[in-house]
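Grab a coffee and work through a few short exercises on the model shown here. Try each one yourself before reading the solution.

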Amino acid sequence: MEKDLQRLLRRYYQYLKLEKAFSPNTIDAYQRDLDKFLIFLRDEGLDVLTVKLEDMHAFSSLMMDVGINPTSLSRILSGVRSFYHFLLLEDVISVDPTELLDFPKKRRQLPDVLTVEEVDAIESVIDLSAAEGHRNRAIIEVLFSCGLRVSELCNLKMSDLYLDEHFIKVEGKGSKQRLVPISEKAINELHLWFDDRCRVKIKEGYEDYVFVSQARKKNLSRIMVFHMIKEYVEKAGIRKTVSPHTFRHSFATSLLEGGANLRAIQAMLGHESIGTTEIYMHIDMTHLRQEVLEHHPRNKKTTSA
């Protein structure tokens with residue numbers, strides 16, 4: 001039976017890789033989450049092919065009892081559901097035990113966003129006389145102007161830049177590619193960085209990466225970008241919780257407030273589902289509510305004559 005399960009798992013991970021086109025990191029995450037479920041089945045003496053809905057409820061309850069938060073539990077259950085969906089497609093099972101499974105309610109938190117003035121303040125504290133100064137300002141401007149994930153930024157290639165056409169090509173989740181417009185300011189910052197970049201002796205095999213480390217001579221890691229942004233945010237005196245992803249949220253919110261429609265924002269962010277993009281509608285509604293409270297004549301306080 002164990003050999004049969006291992007054979008099914010190998011086929012499932014091949015399915016995620018070849019048919020779903022998931023990245024190795026995503027597949028590893030699915031595997032870790034599914035392992036939690038398989039350990040539960042082993043401990044309870046249950047067969048993966050005869051699991052019932054009540055077994056799924058028991059697993060969900062156990063995860064909550066050991067302190068798994070609703071967001072993480074939803075992700076784990078989503079991974080388990082994906083596995084059973086595969087088994088159903090392959091005719092290994094005839095009934096999906098996860099079909100009627102309720103996912104835990106998640107409280108949707110709106111992320112912090114930065115104003116244009118705050119982005120300018122962060123850029124203003126960068127020491128442009130330092131070897132990495134122009135590079136770091138270009139990083140912040142590209143994050144804010146293009147709405148990239150930090151992994152997309154770190155993997156951006158010179159051959160992906162079409163600056164004369166004001167576009168860059170981005171490889172997102174699942175190796176899906178998209179074209180994203182890039183602002184004139186971001187292009188100018190990139191050219192200033194390129195003047196410095198040509199003096200870096202880049203390691204063989206890394207010559208095509210846009211953002212490289214002066215010390216490591218190869219492309220930047222995500223953690224390096226995190227630390228760099230944290231340092232500049234503190235220097236700029238900004239009290240918000242800011243990460244590379246904050247610039248992505250700020251990009252999307254600015255577009256929505258400027259009148260862009262959700263479908264256009266979805267395409268530029270590389271979201272597979274419009275539901276993911278709709279969080280920015282909630283942010284914008286908060287902004288609009290404040291505008292109404294401050295500026296609508298029915299909300300203005302009257303002054304006595």
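The exercises below go from the whole chain to the sheet and then to a surface patch. Keep in mind that this is a predicted model.

**Exercise 1.** Work out how many helices and strands the protein has, and what share of its residues is buried.

*Solution.* Start with the secondary structure: there are 13 helices and 3 strands. Next, go through the 305 residues, and 40% of them come out as buried. For the outside, the protein exposes about 17,800 Å², with carbon and sulfur atoms supplying 52% of that. Finally, take the contacts between residues at least 6 apart in sequence: 57% of them join residues at least 24 apart.

**Exercise 2.** Find the strand order in the sheet and say which strands stand at the edges.

*Solution.* First, lay out the order: it reads β1-β2-β3, an open sheet with antiparallel pairing. Now count partners: β1 and β3 (177-181) have a single partner strand each, so one side of each lacks a neighbour in the sheet. Then zoom in on β1 (residues 161-162), which pairs with β2 (residues 167-171) over 2 bridges. Across that pairing, L161 sits opposite I168 in β2.

**Exercise 3.** Decide whether Y162 is buried, partly exposed or exposed, and name the patch residues it joins.

*Solution.* Locate Y162 first: it belongs to strand β1. Its relative accessible area is 35%. Buried needs under 20% and exposed needs over 50%, so Y162 is partly exposed. Last step: Y162 makes a nonpolar surface patch of about 280 Å² together with F167 and L179.

Definitions and conventions. Residues numbered from 1 in each chain as written. Predicted model: local features only at pLDDT ≥ 70, side-chain atom pairs only at ≥ 80, totals over all residues. Heavy atoms only, no water. Helix = DSSP H or I, 4+ residues; strand = E, 2+ residues; numbered from the N terminus. Buried < 20%, exposed > 50% of the residue type's maximum accessible area, 1.4 Å probe, protein only. Contact = heavy atoms within 4.5 Å. Areas by Shrake-Rupley, 256 points an atom, 1.4 Å probe, with all protein chains shown as cover. Patch = residues over 30% accessible without salt bridge, like charges linked within 9 Å, V, L, I, M, F, W, Y side chains within 5 Å. Salt bridge = Lys/Arg side-chain N within 4 Å of Asp/Glu carboxyl O. Pairing = 2+ DSSP bridges.
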